[in-house]
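Hi,

Here is the structure I promised to pass on to you. Have a look at it first, and then read on for what turned up when I went through it.

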Amino acid sequence: MTDAHARPLKLFNSLTRSLETFEPVHPGEARVYSCGPTVYNYPHIGNMRAYVFADTLGRTLSYKGYRLTHVINITDVGHLTDDADAGEDKLEKAAAEKAQSIWDIAKHYTEAYWADIKALNIRQPAHWSIATDYVPQMIEFAEAIACKHCYELESGLYFDTTSVADYGRLARHGTDEGESRIDPVDGKRHPADFAIWRKTPAGETRQMEWDSPWGRGAPGWHLECSVMSEALLGFPFDIHTGGIDHREIHHPNEIAQNQAHSCSDASGARFWMHNNFLVDRSGKMSKSSGEFLRVQLLIDKGYHPLAYRLMCLQAHYRSELEFSWEGLGAALTRLKRMYKAVEVQMWKEFQQAGLPVDSPSRFEPIPREKWNETEVLGYLQDFDEAISDDLNTPKALLVIEAVLGDPTISNQLRWHLIATLDQVLGLDLLLNKRADLRVRPKAATVDEQAISELLEARQLAREQKNFAQADEARNTLLSNGVEVMDGDPLGWDWRLETN
Ligand code: AMP
Ligand code: ZN
């Protein structure tokens, strides 16, 4: 295999509802735009599934040898509490409720989102584009399409969805797969028409408003993604991502704007890709309910965030994934097993070679042009086949585990191989240790020092056959939420109860 892109990458394109071979617009490059969060509250773990997916896509494109430019936007204006142009701006509402400036709200929740991005080992995109930085360009874009594609009402400028060919083809409106929509704005010509510019009602002021040819106000939500994707990635670019909900309204509206602006039928991106939802039957994921499932909550309960990343990778991105604490616990155990395999085997090999265990824990990935020369070509091909099949991460994980469990792979080559595969999965298999997975639950009352003293006392008592004293030490640990793990297959001495 000498060509860097020898195995075709097949991706599911929501536009055609079929698997298609990825062919970049610009040879050797991949340009990806992902709809980012609306920063009026903390992201829940479902939102973060969308970015684990976008990250896996980006990592796959890099691993395939494409020069990746990834953009994720930050929506700090324009997203209403109701997708059908009714309700308030989510950020205006949050700012009023918390009696804070919108800018402070946006800054706080953007930083919280970035902390989650880091915790989940999601790579930084080339650009974080902030919607409010692009308002002049949004006004220019709107001016260019206003005359042929928009009409003005008391409340703002609206896009006439009948002015472009085949509106809603992405959502399959008009078929059983499409969504029927309501029409809460007075004067709209068609239910699906949407706001390009929302005028500030007479007598009111908003914290965020700008002058425009249609009066003072704020841009409609869909405008930002058309404008920023073109500004940063050109037109057309390669892949546009988002959660499956965006397939119904937000992305069809972006496409309609793009068609109008380009005076063509071009949707703007060659591929439109959508991750399915993480569902939680307890209802704790809704941002509007008080405590909700966010990455920090998992950490507070003692789960390492990469266990959640693994939980996402265990499902195909187009399948619904049901969240449960048991499921998360199982993912954590699986991750521990992988870390243990790396640790134990590396330790052995390094000891044999007379090297300190944690010296060169960074191994270079095997370059594609060298694959043929290695004795692990079969594994490289199996992994490549899985990931090239619309990012089949559940299968790719099985290949990693087979590699970790194969005693015939020669020293060091295994680690170069794992480094190659982990580029795509981002589980930091060679960087982290098992001990790094031990996260202290927020509610824990004991510290490691006290735990190891009690464990030592127990061990000593057992050696002296003083079983009553050994049991007492064990019970003291138990009453502090520490379970002693005799004979644990993963080699843990103890664990803190996680929830
Ligand atoms: P928002 O901040 O609401 O604009 O959402 C950010 C991203 O998360 C979008 O791509 C949504 O489609 C996606 N999303 C929202 N809820 C979920 C969920 N439960 N599971 C997966 N993705 C979601
Ligand atoms: Zn968007």
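Strand S3, residues 29–34, is a good place to begin: the strand is mostly covered, with six of its six residues buried. Please keep in mind throughout that this is a predicted model.

The covering of S3 holds for both of its faces. On one side Glu-29, Arg-31 and Tyr-33 are buried, and on the other Ala-30, Val-32 and Ser-34 are buried too.

S3 has partners in two strands that I looked at. With strand S4 (residues 67–74) it runs parallel, and six bridges join the two. Within that pairing, Ser-34 has Ile-72 of S4 as its bridge partner. To get from S3 to S4 the chain passes through helix H1, residues 45–63, in a β-α-β crossover that is right-handed. The other partner is strand S10 (residues 237–243), which pairs with S3 in the parallel sense over three bridges. Here Tyr-33 is matched with His-240 of S10.

Now for the nonpolar interior. The largest nonpolar core has 116 residues, and Tyr-308 and Phe-383 are the ones that touch the most other members. Helix H9 (residues 325–352) gives the most to this core, with 10 residues. The core also draws on both domains, taking at least three residues from each of domain 1 (10–15 + 24–275) and domain 2 (324–432).

If you would like to zoom in on Phe-383, its contacts, leaving aside neighbours within four places in sequence, are Tyr-63, Ala-396, Val-399, Ile-400, Leu-421, Val-424 and Leu-425. Apart from the largest core lies another one, of 15 residues, which includes Leu-11, Phe-12, Phe-22 and Leu-57.

Last, the cysteines. How many disulfides are there? The count comes to zero, with a disulfide taken as two cysteine sulfur atoms within 2.5 Å. Cys-150, for one, is in no disulfide, and the nearest cysteine sulfur, that of Cys-147, is 9.4 Å away. Is Cys-150 buried or exposed? Its relative accessibility is 13%, so Cys-150 counts as buried, because the cut-off for buried is under 20%. By the same cut-off, Cys-35 counts as buried because its relative accessibility is 6%.

That is what I have for now. Happy browsing!

Best wishes

Note on methods: Residues numbered from 1 in each chain as written. Chains lettered and ligands numbered in written order. Predicted model: local features only at pLDDT ≥ 70, side-chain atom pairs only at ≥ 80, totals over all residues. Heavy atoms only, no water. Buried < 20%, exposed > 50% of the residue type's maximum accessible area, 1.4 Å probe, protein only. Helix = DSSP H or I, 4+ residues; strand = E, 2+ residues; numbered from the N terminus. Pairing = 2+ DSSP bridges. Right-handed = clockwise from strand over helix to strand, strands pointing away. Core = buried A, V, L, I, M, F, W, Y, C linked by side-chain atoms within 4.5 Å. Domains from an automatic or database assignment. Contact = heavy atoms within 4.5 Å.
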